[in-house]
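Reader: I am new to this structure and would like to understand the terms used to describe it. Please explain the reasoning behind each one.

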Amino acid sequence: GSEMCIRDSLGIYIALKERDGDKISLHSIMIAYAPALLWGTATVVNRYLADVTDNVVVATLRALMLAVTFMILGYKSLKSLKEFKLSSLGYVLLSGFFTHVGGFLSFLYALKYIGTFLSTLINSLSPLLTQLIARKLSGEYVSLKQVIGALVTVVTVIIALTFNAYLTVLR
């Protein structure tokens with residue numbers, strides 16, 4: 001409802017304020033909301049596709065489309081590829097595997113078996129998990145604001161899952 005929209009807007013405001021001092025432009029806010037809108041739309045489309053075709057086919061076609069799109073968009077940057085260190089290739093492959101094979105395929109199967117709401121809600125824990133992984137693997141500093149944001153996210157997810165379970169029992 002409207003409380004969710006106000007809370008989300010406040011979260012975006014705080015995040016942008018920390019990054020850009022006291023200046024927050026409408027342009028910055030629109031850029032911050034664009035991925036949520038685009039990923040939300042893509043999630044609904046992927047949920048539909050999970051019912052009408054195989055998830056591996058969806059992931060393969062998506063990867064093909066992404067590869068072609070990024071090759072076109074990055075054509076001018078290809079000359080910097082010769083500066084790419086071969087030793088970094090393993091990290092790129094590992095990242096791609098985690099993101100596109102593990103992450104995206106798992107998300108498609110979750111959409112198919114538990115639906116859009118629960119899949120997206122549980123996926124909202126990814127920033128928290130990313131913070132924990134970054135702290136463990138690269139020793140990144142975790143600020144008090146990040147800890148508070150993570151706690152709010154976890155509590156919100158728990159409340160939403162509990163409320164969803166309660167409504168399911170009532171049906």
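Author: The model is a predicted one. In the lining of the second largest pocket, three residues are nonpolar, two are polar and none is charged.

Reader: Which residues line the second largest pocket?

Author: The lining consists of Ser126, Leu129, Thr130, Ile133 and Ala134. Leu, Ile and Ala count as nonpolar, and the pocket holds about 150 Å³ of space.

Reader: Why does threonine 43 count as buried?

Author: Threonine 43 has a relative accessibility of 10%. Buried means under 20%, so threonine 43 counts as buried at 10%. Threonine 43 belongs to helix α2, residues 26-52.

Reader: What is threonine 43 in contact with, leaving aside its neighbours within four places in sequence?

Author: Its contacts are Phe107, Leu111, Thr116 and Thr120. Phe107 and Leu111 are also among the residues of the largest nonpolar core.

Reader: What makes the residues of the largest nonpolar core a core?

Author: The seven residues are Val58, Ala59, Phe104, Leu105, Phe107, Leu108 and Leu111. They are called a nonpolar core because such a set holds buried residues of kinds such as Ala, Val, Leu and Phe, joined through side-chain atoms within 4.5 Å.

Reader: Which elements give two or more residues to this core?

Author: These are α3 (55-73) and α4 (89-123). The most comes from α4, which gives five residues.

Reader: Which residues does leucine 108 touch, not counting those up to four places away in sequence?

Author: Leucine 108 touches Asn46, Ala50, Asn55, Val58 and Ala59. Of these, Val58 and Ala59 are listed in the largest nonpolar core, as is Leu108.

Definitions and conventions:
Residues numbered from 1 in each chain as written. Predicted model: local features only at pLDDT ≥ 70, side-chain atom pairs only at ≥ 80, totals over all residues. Heavy atoms only, no water. Buried < 20%, exposed > 50% of the residue type's maximum accessible area, 1.4 Å probe, protein only. Helix = DSSP H or I, 4+ residues; strand = E, 2+ residues; numbered from the N terminus. Contact = heavy atoms within 4.5 Å. 1 Å grid on protein atoms, 1.4 Å probe; cavity = no way out; pocket = protein on both sides within 12 Å on 5 of 7 lines; lining within 4 Å. Points joined across faces, edges and corners; volume = space filled by probe spheres on them.
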